[in-house]
Amino acid sequence: MPRKTILSSDNLPDDDVRRTEDDIPVRLNIPENAEDDDSALRPKLIADMVGQREVYERILISIDAAKKRREPLGHILFDGPPGLGKTTFATCIPHELGTSCQIASGATLKAPKDLIPYLTNAEERSVLFIDEIHRMQKAVEEFLYPAMEDFRIDLVIGEGSGARTLNMQLRPFTIIGATTRAGLLSAPLRDRFTMREHLDFYPVSDLQEIVLRNAAKLRVALAPDAAAEIAGRSRGTPRIANNRLRWVRDYAVSRAGGNITLEVARRAMEMQEIDVLGMDRQDRKYLQVIATVFHGGPVGVEAVAHTMNVAPDTLIDEVEPFLLRSELIIRSPRGRKLTLKAIEFLSEYRK
Ligand code: ADP
């Protein structure tokens, strides 16, 4: 069954129903005031998102054209490291379109039957968001092809020689896929997305803006230089900036009378062992393991993961993209290798 329907839920009070230009009732069940929930800080409209301007412009043009033509938006694939706004874009788009949205996770779509309820429930011009789409099983992926291309599914009824295929027409809708590993998607699936958008790490100035806006949402007093300090130690990632902000807020409330000055922000992050590059203990451990156990590399990620006792996927998805981007490691055909910058950083870092 669909895991979560963020719009068009039937059991909400009438206050939560909004009407669009086409008089389509839209119900919202994203918690508006769950302060410590990720969704409390998640922008609801694309205009409220910070940065990623090129992606932003292209998406808005496609939305505008789809609305004017009264057709579903083309299928969109977002890729990039975790926490950069894939889900945020995907959940803002149905708001902009004024349609409902269902959310599924590729990891739970193990057989075509898991996907059928989402496809048959999809309203005309609505959005089906499939997170971690690279984790979908091959059979599910193939089942999705005719749904994406012709809004049709082929159901096999019966077994053996008596089996026959029944074509079922679906209402035209949009699939938005998100993945941290675009490379793992098969070419036929990738090609069925009319738009493919890569989200990159954010510059400090964008993260500072996000931190300032979210401090206002969380009703905390935050000095601009403290916001810049938090942004600079957030690994180019809005989700990490939000997490750092929450920690700094807690620290300020508990130890500094609630006001976040530059000094308070620094002390709070140092207490969490977040260094000036924004790395946490796990990032540094990764570098230290390559430096000391594997003499600087090259070394395969599985060997590093094994030594650190973490899943290789955690390193590939969450740790390595930022270290590669920061030129602290390089990836060669023979494995990962530390750069001179990483070696110098480790020799200077004292904890
Ligand atoms: P992903 O799906 O890529 O892992 P999310 O979309 O869940 O990342 O983003 C994590 C959080 O970061 C969101 O809840 C939101 O608060 C914040 N965020 C992400 N992108 C932006 C943005 N462009 N502007 C403002 N906040 C953002």
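Me: A salt bridge is a side-chain nitrogen of Lys or Arg within 4 Å of a carboxyl oxygen of Asp or Glu. How many does the structure hold?
Reply: There are 24 salt bridges. This is a predicted model, in which local features need pLDDT of at least 70 and side-chain atom pairs count only at pLDDT 80 or more, while totals for chains, interfaces and linings use all residues. Residues are numbered from 1 along each chain as its sequence is written, and side-chain values use heavy atoms, leaving out hydrogens and water.

Me: Why is the pair of glutamate 197 and arginine 58 called a salt bridge?
Reply: Their side chains are 2.8 Å apart, N to O. The limit is 4 Å, so the pair counts.

Me: Which parts does this pair tie together?
Reply: Glutamate 197 is in strand S10 (residues 195-198) and arginine 58 in helix H2 (residues 53-69), so parts 139 residues apart in sequence are joined. Helices (H or I, at least four residues) and strands (E, at least two) are DSSP runs, numbered from the N terminus.

Me: What makes a residue part of the shell around the ligand, and how many residues surround the ligand?
Reply: A residue is near the ligand if one of its heavy atoms lies within 4 Å of it. There are 18 such residues, and the closest are Val50, Gly83, Lys86, Thr87 and Thr88. Helices H1 (38-41), H3 (86-97) and H9 (238-255) each supply at least two residues of this shell.

Me: Why is the ligand's approach to lysine 86 called a polar contact?
Reply: A polar contact is a pair of N or O atoms within 3.5 Å. A ligand oxygen is 2.8 Å from an N or O atom in the side chain of lysine 86, so the pair qualifies. For the side chain of arginine 239 the distance from a ligand oxygen is 2.9 Å, and for a polar backbone atom of glycine 85 it is 3.1 Å.

Me: How much of the ligand does the protein cover?
Reply: The protein covers 96% of the 570 Å² of accessible area (Shrake-Rupley method, 1.4 Å probe) that the ligand has on its own.

Me: What is notable about phi of arginine 125?
Reply: Phi is near 65°, a positive value in a residue other than glycine. Arginine 125 lies in the loop between helix H4 (112-121) and strand S6 (127-131).

Me: Where is proline 298, and what is the peptide bond leading to it?
Reply: Proline 298 is in the loop between helix H11 (281-292) and helix H12 (301-308). The bond from glycine 297 is cis, with omega near 5°.

Note on methods. A polar contact is a pair of N or O atoms within 3.5 Å; within protein, one must be able to donate a hydrogen and the other to accept it, and residues adjacent in sequence count only if both atoms are side-chain atoms.
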